[in-house]
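Here is a short report on a protein chain and its domains. It starts with an annotated region and moves on to a domain contact and some backbone details.

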Amino acid sequence: MVMKSFMFDMVLSELEDVVGEDNVSTRESDKLTYGVDYFWVSRMWADRGQEPPKADFVVRPDSAEEVSKILKIANYYKISVHTWGGGSGSQGGALPMAGGIIMDLKRMNRLIEIDEESRTITAETGMIFQQLEWYANERGYSCMHIPSCLTCGTIGGALAHRGIGIMSTKYGKIDDQCLSMEVVLPNGDIINTLPVPKHAAGPDLNQIFIGSEGTLGVMTKAKFKLFEQPESRKFRAFMFPSMKDGIAAGRDIMQKVKPSILRLFDEAETVSIIKKIIGVEEKGSFMNLALEGIERIVDIEMEVVIDVCRQHGGRDMGAEYGEKWYENRITFFYPGNIMDVPQMFGTMDTVSDFAHIEEIYWAMKHAIESNFPDVRFIAHCSHWYEWGTMIYDRFICDNPPEDPEEAIRLHNRIWNTGVRAAMEHGGVINDHHGIGLKLSRLMKEQYGPAMQVMEGLKKSLDPNGIMNPYKLGL
């Protein structure tokens, strides 16, 4: 709705009645802050002096009950609602493209329970994930969700885009680690999914909301698995003649043991980022691997890994480089090491089975570098499954157009070219960064007639269309 002054004041007073005057803001500085996340386009707007999308109201609820009341107000006035966590997303998933309400959940950051008998931890979703990990560490456990945004992303943000951490190959993605949730539906009803996800009482409701990016409701509490800290964590590095050899070794490793970390870098990334930060001087495809658990089992698994890598032409580089990678796992994302404006860049992570992954890698690399001669393409496989792996691939343009509109057109053409190449060869539009605004237009191409299932859920749960418009293709 377009609000005149009187209606604006009416909505403002109702929101203040729910959360208190101090927790509602219409200040221009606050609205600008919530118009920029890690999405390249939003950062480019700020860098070029453009005005980002702005909400009308920034609201900070303190409970699921307050979230419920806010959603009821939004439904009555037909105002859009955009849930905000830490603002670390790279897909523009929280940007308020339709104005309305930004609902910042970071006041909802309480630890609810640690159940050592069941080995679970429950907390509100506005908590920064690092804090949840610290709570687990105090009792000798870990959540084993260790993403690069650990210190700035929230629990809700990880759930919203179906996030992943560096230990995922052994411990799973966030959707594997989450056992149950409290969710506020768009109409304001507060529901709880079943206490555990493994049952025969119908579909797992968790999986409806995990990955829904704020389009179907607001996740307000979540319960996760806890894992004992490993007795031993051992690293190993290998250099393969080619990406093809490394992928084959990774496939065979996954059929025999479960590394916590398994990363395979193409030659372009090996001779740039890996050389710069870890000091690897050789050309080839670099693999870093970690095994963890009971030490005597880890030692046996390491023997298996070394044997597999040798069979595929991998040269054993010992533990040193693997340890260096782990020590610098966040350093890769610090200023000076990570791409940043004014460069144009993006991560087109896709996932596939082993039968198609190498074909997808070469198809994307050729599509990007042949159509955009000034753009570089580097990649690594960072998360592995028994059936396949994903490509964490990046494009980098050092000198993008200065004109914002021209820059956005180039940005979108690069994304369309790379992602469509992946889909045409058996890949999926995204592995773990989510869809957001950036890839929303490609959802129907990915799903085809199956998109009506998600559209049906959206129409049923959110008939007024207030929840995070223009995201996830909904």
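## Annotated region

Over residues 50-229 the chain is 23% helix and 24% strand. The C-alpha atoms at the two ends of this stretch lie 47 Å apart. The model is a predicted one. The residue range comes from UniProt, where an unreviewed entry lists 50-229 as "domain: FAD-binding PCMH-type".

## Domain layout

The domain assignment splits the protein chain into domain 1 (5-106), domain 2 (111-228), domain 3 (232-333) and domain 4 (344-438). The centres of domain 3 and domain 4, taken over C-alpha atoms, are 23 Å apart. Their contact draws 18 residues from domain 3 and 16 residues from domain 4.

## Domain 3 against domain 4

The size of an interface is often given as the accessible area lost when the parts come together. Between domain 3 and domain 4, about 1,600 Å² is buried. Carbon and sulfur atoms carry 61% of that area.

Polar links also cross between the two domains. There are 9 residue pairs in polar contact between domain 3 and domain 4, counting pairs with both residues at pLDDT 80 or more. The salt bridges between domain 3 and domain 4 number 3. Lys 244 forms a salt bridge with Glu 358, and the closest N and O atoms are 3.4 Å apart.

## The domain 3 face

Which elements each supply at least two residues of the side of domain 3 that touches domain 4? They are α10 (243-256), β13 (261-265) and α11 (267-278). The largest share comes from α10, with 8 residues.

By residue class, the side of domain 3 that touches domain 4 has 9 nonpolar, 3 polar and 6 charged residues.

## Backbone details

Most residues other than glycine have a negative phi, and most peptide bonds are trans. Two places in the chain call for a look on these points.

Where is Pro 342 found? It sits in the loop between α13 (320-327) and β16 (344-347). The peptide bond joining Val 341 and Pro 342 is cis, with omega about 15°.

Glu 213 has a positive phi, near 55°, and is not a glycine. Glu 213 is in the loop between α9 (206-209) and β10 (218-225).

Methods:
Residues numbered from 1 in each chain as written. Predicted model: local features only at pLDDT ≥ 70, side-chain atom pairs only at ≥ 80, totals over all residues. Heavy atoms only, no water. UniProt positions renumbered as here; feature names shortened; annotations may be inferred. Helix = DSSP H or I, 4+ residues; strand = E, 2+ residues; numbered from the N terminus. Domains from an automatic or database assignment. Contact = heavy atoms within 4.5 Å. Buried area = accessible area lost by both parts, 1.4 Å probe. Salt bridge = Lys/Arg side-chain N within 4 Å of Asp/Glu carboxyl O. Polar contact = N/O pair within 3.5 Å; in protein donor to acceptor, adjacent residues only side chain to side chain. Nonpolar A, V, L, I, M, F, W, Y, C, P; charged D, E, K, R; others polar.
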